[in-house]
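Biologist: I am new to this structure and would like a close look at a single part of it. Please take the metal site and set it within the whole.

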Amino acid sequence: MSPWCGQRRMIHVQEVALRDGLQSEAGFMPTDEKIKFVDRLAASGLSKIEVSSFVSPRAVPQLADAEAVFQGITRLPGVIYAALVPNLRGLERAIAARADEVNLVMSASESHNRANLRMSCDASFQAIKEAALLAANAGLRVAASLSCSFGCPFEGEMPTATILMWCRRLQEEAGIRSISLCDTTGMAYPALVHDLVGLVRSSSPEANLTLHFHNTRGLGLANVFAGLDAGVIHFDAALAGIGGCPYAPGATGNICTEDLIHALELSGYRCGVNLDALIETARELEKFLGHTTPGQVMKAGPRLSSPREVIAPCESTPVRTM
Ligand code: COA
Ligand code: ZN
């Protein structure tokens, strides 16, 4: 269905800057700053925010304060406050911190799984199966992320059969319907996204897919539009485009939240987010981090305030100079 046919389709943008973003920053963002950013992101209308991860503090020292961040945030009704979890120890911590959702992570690539999580894919899957059951019994929402779904920095192309197999097993054996196909080091391209999503949707029709792209090779937003075309409505993104996996060589920032929302709204989709507030928060984040971030709309300003202005050729619209 074209987004222009009258009913603007709702697209869910899930914010990962406080987790994926900060894990690749050299410095440690103080806990009260993290709390402030989570609260501002929630106030701007984002309905799911990955707040932190319950991983080993030795593996990712930037997120060692996950409990304190969860404790300090002001929870808005309707917002899902999620956390990444790599093992059962992480799940215990997430339950104790009252995370709304756990994002159970494994890689489709054996080499990346060992570099990132120090175990085999099978061991990760067994941990996920157990964690999914315990999390559901504790009343948490459960999602899974499959890293390197579009390629691996160590192994190159990932066989399609491997991705389909893990999606099926996550759904059928672990009972997880929310599955993220993650492009950990920006190896996806639009034709691959379109084809792979189509195959996963045929092979695991119950799966509710999220796409998680990094803009490593400049294809991030093009990949989103290929995903939209293939029927996906959930996308991860990071404020100001920060991010990257510290255990994947060459990893760079996630697609940028405010650039994505700007592009989606201009293209006739709804995101339910206050773009101006988000841009303001992205500028604050850049200022705080003390280095230039990849976000573009935060620098140029939005093109126009509403998509209707763009598609109404007879109306004269005010030209905005920035
Ligand atoms: N939270 C906190 N501490 C944890 C933990 C968790 N989820 N899991 C393990 N630990 C601690 C153990 O208690 C142990 O501590 P000790 O040495 O003080 O006794 C130590 O970490 C090692 O435990 P072990 O089970 O041997 O883990 P490991 O060293 O094999 O590492 C992971 C496995 C999964 C914990 C680690 O690789 C990890 O956290 N990776 C996440 C990486 C990441 O976040 N990548 C980016 C996101 S995809
Ligand atoms: Zn990522």
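Modeller: To begin with the whole, this is a predicted model, and 54% of the 322 residues of the chain count as buried. The chain holds 13 helices and eight strands. Its radius of gyration is 19 Å, which agrees with the value near 20 Å that a compact globule of 322 residues would have. Along the principal axes, the C-alpha atoms fill a box of roughly 60 × 45 × 35 Å.

Now to the site itself. The zinc ion (ligand 2) has as its protein donors D20 through OD, H212 through NE2 and H214 through NE2, at 2.0 to 2.1 Å from the ion. Along the sequence, the spacing of these donor residues reads D-x191-H-x1-H. D20 belongs to helix 1 (residues 17-21), while H214 sits in the loop between strand 7 (208-213) and helix 9 (220-229), so this pair ties together parts that are 194 residues apart in sequence.

As for cover, D20 counts as buried because its relative accessibility is 3%, below the cut-off of 20%. H214 is buried, with a relative accessible area of 3%.

The link between distant parts of the sequence has a background in the chain as a whole: of the contacts between residues at least 6 apart in sequence, 73% join residues at least 24 apart. On the outside, the chain exposes about 13700 Å², with carbon and sulfur atoms supplying 52% of that area. The chain has 28 positive and 33 negative charges, and their mean positions are 2 Å apart.

How values were computed:
Residues numbered from 1 in each chain as written. Chains lettered and ligands numbered in written order. Predicted model: local features only at pLDDT ≥ 70, side-chain atom pairs only at ≥ 80, totals over all residues. Heavy atoms only, no water. Helix = DSSP H or I, 4+ residues; strand = E, 2+ residues; numbered from the N terminus. Rg over C-alpha atoms; globule rule 2.2 N^0.38 Å. Buried < 20%, exposed > 50% of the residue type's maximum accessible area, 1.4 Å probe, protein only. Contact = heavy atoms within 4.5 Å. Areas by Shrake-Rupley, 256 points an atom, 1.4 Å probe, with all protein chains shown as cover. Lys, Arg positive; Asp, Glu negative; His and termini not counted. Charge placed at Lys NZ, Arg CZ, Asp CG, Glu CD. Donors = N, O, S within 2.8 Å, 3.2 Å for Na, K, Ca; no water.
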